[in-house]
Amino acid sequence: MYLSVYVNNNIYKLRGPHFTGCRSREQETFRCWWSAGIFQNLTEPGALRVFYQTKNFLSEWQECPDYTRTVKNECYFNKTFTQIWTSYCIQLRSVRENITYDEACFTVENIVHPDPPIGLNWTLLNVSRSGLHFDVLVRWAPPPSADVQMGWMSLVYQVQYRVRNNSHWEMLDLESGTQQSIYGLHTDKEYEVRVRCKMSAFDNFGEFSDSIIVHVAQIPSKESTFPTTLVLIFGVIGVVILLVLLIFSQQQRLMVIFLPPIPAPKIKGIDPELLKNGKLDQLNSLLSSQDMYKPDFYHEDPWVEFIQLDLDDPAEKNESSDTQHLLGVSRSGSSHVLNFKSDDDSGRASCYDPEIPNPEDLASLLPGHSGRGDNHPLVSRSSSSIPDLGVQQTSEVEETPIQTQPAVPSWVNMDFYAQVSDFTPAGGVVLSPGQLNSCPEKKKEEENEKKIQFQLVSDGAYTSENTARQLSASVPPSPGPEQGYQTFPTQAVEGNLWNGEYLVSTSDSQTPYLLPEAPPAPILPPVSDYTVVQEVDAQHSLLLNPPSSQPAICPHSPNKHLPAMPTMPMGYLTPDLLGNLTP
Amino acid sequence: MSLTLCSPTLCLYFSLSLGLSLWAVAVLLVALLCLDPHSRVSSAPICTHGPSGCHVPSLADLFDRVIQHSARMHSLSNDLHSEFEQYFLPSKNSIGKIYRKCHTSSILTPNGKENAQKLAREELTEVILKLLMAWRDPLFQLHQSMAHQQDFNSFSSNKALEMGDMTHELRKGVEKVAEKMRVLGMLGNSVTGLSPAETMLPISDSGEAMSNYELLYCFRRDSNKVQNYLKILKCRIIPEHDC
């Protein structure tokens with residue numbers, strides 16, 4: 001019976017007399033309690049009465065068999081009045097008022113709350129190596145009131161523990177036996193352990209047993225962990241130091257292993273150091289030695305022929321003398337002499353090809369070419385000195401090509417650069433013919449080269465520029481300051497020339513410079529080039545170029561043959577020399 | 001710098017040898033397992049003669065097995081009943097249980113420990129068997145109705161099915177125990193076999209077929225009875241300490 005009361009906007013539910021609970025401890029007896037509630041006038045004993053009814057056979061209501069004297073408001077049902085598996089209904093009545101205040105129905109097995117287990121104790125299982133944790137085994141005995149031996153009640157237990165004075169209890173799983181182990185407890189901490197039980201397959205737990213205190217004092221471990229940590233730290237540091245030392249000592253090897261060097265590009269046969277530091281001639285030799293750079297000019301230039309002049313005996317004599325003269329003249333290096341600069345071929349030592357001695361070249365060697373007042377044999381005059389003569393010669397040059405030499409473009413056999421070999425007192429630069437390295441590409445270069453190549457040796461009449469102009473048939477005469485400065489390293493001089501056979505017969509104007517016996521040789525194509533006396537062969541002929549049979553080292557050797565020199569400046573030969581030369 | 005561990009041919013040899021060895025080991029193991037007589041699973045001979053070479057379970061063992069079985073059965077019934085109560089009867093009075101009349105109420109069963117102890121062994125055994133027999137069909141019906149209804153998940157219906165099977169098994173076991181007891185002379189011949197005609201249909205007092213909840217409630221009670229009766233019986237048949 002409930003009574004709702006409003007006090008200060010709060011609802012208080014006040015209850016009248018009601019049952020507060022019924023419990024059975026061992027499934028053989030049970031008790032029920034009630035309360036009078038707010039009805040204080042019903043608190044005296046006997047005012048409220050309990051009636052029960054077992055619903056087996058619809059028996060009538062019976063009053064409580066035993067009102068407990070010691071406990072207030074308790075009704076006790078002993079064994080005889082307790083029936084298991086039977087529904088009970090109890091009522092709280094006020095007999096005087098004939099009011100039933102409360103009623104409840106139940107079956108006894110559902111109100112069983114077993115007594116707490118007894119004999120709770122613990123034993124130490126083990127302590128951890130660190131001494132910080134320990135395990136215990138907790139034991140207990142079933143409540144004596146429960147008949148577990150016969151099996152009338154099959155109990156399951158639940159152990160709970162907590163750190164002392166803590167509010168949270170740790171709960172372990174249900175245990176059907178009478179012992180359980182607790183793991184992972186901390187030393188130096190006090191634990192409370194308690195246990196309770198319930199009937200298996202039922203939900204009502206009994207009361208907790210009394211708590212026991214579990215405590216294990218921490219044993220100060222004799223071996224401390226401090227040295228172990230220190231040893232570990234030192235060991236690691238030592239290993240690290242060793243590693244660093246190893247790396248630094250073997251740095252090079254490690255670098256090779258981990259970062260292998262990338263091979264630099266290499267060209268077969270060429271030393272990169274030489275490329276960096278070598279001289280130009282070495283480089284030239286190197287590059288020329290590569291097969292790929294060596295065009296087969298010899299086969300491509302059919303017109304390249306090497307003229308060999310056979311000398312008769314007297315010619316030989318003369319020739320030898322002539323040769324000696326030539327050589328001697330060249331060696332003296334004095335004025336008005338053909339200056340065979342053997343060292344002019346700096347950079348083209350291997351590139352000496354037998355150049356075809358142009359008649360013009362030979363002619364130019366003849367003395368009689370006066371008009372040069374320079375002392376220096378290598379001086380070349382400006383073209384302006386003898387302009388008119390050059391004009392004449394030019395025309396003549398063009399008309400008379402050398403027979404032996406087919407008319408070829410002049411640029412084929414030209415050098416494209418010259419090397420400064422000496423300086424004139426006047427301040428001019430004397431050039432030596434450079435290496436015939438490249439194929440004829442630039443006409444202008446060739447022109448210059450051709451012009452440069454002439455070397456005014458003697459102080460005789462010298463028409464280097466004229467001859468240059470004449471030589472370069474396709475090239476318009478363009479006198480330049482540098483034209484006159486040419487070196488004339490070689491002269492396609494052969495013995496025959498001095499004998500009077502001139503390959504160069506340029507013009508009538510030149511004929512006075514030529515030997516009278518000189519037949520008008522066909523004028524070589526106006527190619528200004530030069531040659532260097534290489535050697536004297538067995539036939540006592542001056543080989544101006546290496547013969548075609550010899551492997552030409554210089555790829556441009558064909559170009560190096562003597563261009564047709566229509567008119568050789570007569571200044572190359574002194575009259576004395578000429579006199580010697582003439583038979 | 002070549003990083004290969006071995007030349008191709010050498011590696012091939014290694015792998016081949018490894019594979020062959022593994023295969024040989026596997027073959028050996030299989031042979032051992034197959035040829036080992038002890039590992040072969042063979043059926044034990046039927047123990048026609050008691051103690052000769054065959055382990056015959058004693059009565060105590062039989063009782064233990066049966067009791068364990070009944071405990072499991074009761075636990076299952078309790079779980080199912082709790083589920084029903086949770087979903088279908090939210091307002092549960094702690095001490096108030098509505099009276100239900102079960103179909104097995106007509107079977108006279110001792111309602112207390114002392115009453116059960118006072119009962120004769122044969123009668124106790126008979127009561128047990130009666131109870132188990134009475135629940136064979138109702139449990140089957142319970143499973144059928146639970147499987148058809150969509151309120152229950154398959155877990156619950158499986159539990160009901162298992163419960164029915166367990167009851168069947170338990171009955172068989174108890175019959176064996178009774179047979180054994182009879183053989184041993186512990187039971188008289190007054191135990192009468194249960195006639196199939198005595199099977200009762202679960203009908204509530206109102207005449208309708210009992211609902212699932214009522215069935216579960218009744219079965220939970222009866223399984224508890226069976227469990228306790230078996231324990232009492234065992235204690236009485238096999239003299240143990242303080243039984």
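Which helix of chain A is A:L245 found in? The legends below start there and then move through a predicted model, one close-up at a time.

**View 1. A nonpolar patch at the surface of chain A.** A:L245 is found in helix α1 of chain A, which covers residues 225–249. Together with A:L230, A:I233, A:F234, A:I237 and A:I241, A:L245 forms a nonpolar patch on the surface. The accessible area of these residues together is about 570 Å². Is A:L245 itself buried or exposed? With a relative accessibility of 54%, A:L245 counts as exposed, because the cut-off for that class is over 50%.

**View 2. The interface of chain A and chain B.** Here the two chains come together, with 28 residues of chain A in contact with 26 residues of chain B. Between them, the chains bury about 2,500 Å², and 53% of that area is on carbon and sulfur atoms. Which three residues supply more than any other three of the area that chain A buries against chain B? They are A:W85, A:M150 and A:W152, which supply 30% of that area. The interface has a polar side too: six residue pairs are in polar contact across it, and the rule also finds three salt bridges there. On the side of chain A that touches chain B, strand β9 (residues 99–107) gives the most, with four residues.

**View 3. Salt bridges between the chains.** Take a closer look at two of the pairs that cross the interface. In one, the side chains of B:K113 and A:E28 meet with an N to O distance of 3.1 Å. In another, B:E114 pairs with A:K79, and the closest N and O atoms are 3.6 Å apart. This second pair runs from helix α3 of chain B (residues 113–118), home of B:E114, to the loop between β7 and β8 (87–94) of chain A, where A:K79 sits. B:E114 is partly exposed at a relative accessible area of 34%, and A:K79 is partly exposed as well, at 41%. Which residues do salt bridges with shared partners join into one network? A:E28, A:K79, A:D147, B:K113 and B:E114 are the members.

**View 4. A salt bridge between two strands of chain A.** Within chain A, A:R31 forms a salt bridge with A:E74, and their closest N and O atoms are 2.6 Å apart. The pair links distant parts of the chain, 43 residues apart: A:R31 is in strand β4 (residues 30–35) and A:E74 is in strand β7 (residues 74–77). How do the two partners stand in terms of exposure? A:R31 is partly exposed, with a relative accessible area of 26%. A:E74 counts as buried because its relative accessibility is 5%, where buried means under 20%. Across the whole structure, a search over all chains finds 16 salt bridges.

**View 5. The helices of chain B and a buried salt bridge.** The secondary structure of chain B comes to seven helices and zero strands. Of its 243 residues, 40% are buried. Counting contacts between residues at least 6 apart in sequence, 83% join residues at least 24 apart. The accessible surface of chain B is about 14,600 Å², with 60% belonging to carbon and sulfur atoms. For the close-up, focus on B:E83 and B:K159, whose side chains meet in a salt bridge at 3.3 Å, N to O. B:E83 lies in helix α2 (residues 59–88) and B:K159 in helix α6 (residues 154–184), so the pair ties together parts 76 residues apart in sequence. Both residues are buried.

**View 6. Positive phi values in two loops of chain A.** Most residues other than glycine have a negative phi, so two loop positions deserve a look of their own. A:N73 is not a glycine, yet its phi is positive, at about 55°. This residue lies in the loop between β6 (62–63) and β7 of chain A. A:D188 is also a residue other than glycine with a positive phi, near 60°. Where is A:D188 found? Its place is the loop between β14 (179–186) and β15 (191–199) of chain A. A:D188 is partly exposed, with a relative accessible area of 46%.

Note on methods. Residues numbered from 1 in each chain as written. Chains lettered and ligands numbered in written order. Predicted model: local features only at pLDDT ≥ 70, side-chain atom pairs only at ≥ 80, totals over all residues. Heavy atoms only, no water. Patch = residues over 30% accessible without salt bridge, like charges linked within 9 Å, V, L, I, M, F, W, Y side chains within 5 Å. Areas by Shrake-Rupley, 256 points an atom, 1.4 Å probe, with all protein chains shown as cover. Salt bridge = Lys/Arg side-chain N within 4 Å of Asp/Glu carboxyl O. Buried < 20%, exposed > 50% of the residue type's maximum accessible area, 1.4 Å probe, protein only. Contact = heavy atoms within 4.5 Å. Buried area = accessible area lost by both parts, 1.4 Å probe. Polar contact = N/O pair within 3.5 Å; in protein donor to acceptor, adjacent residues only side chain to side chain.
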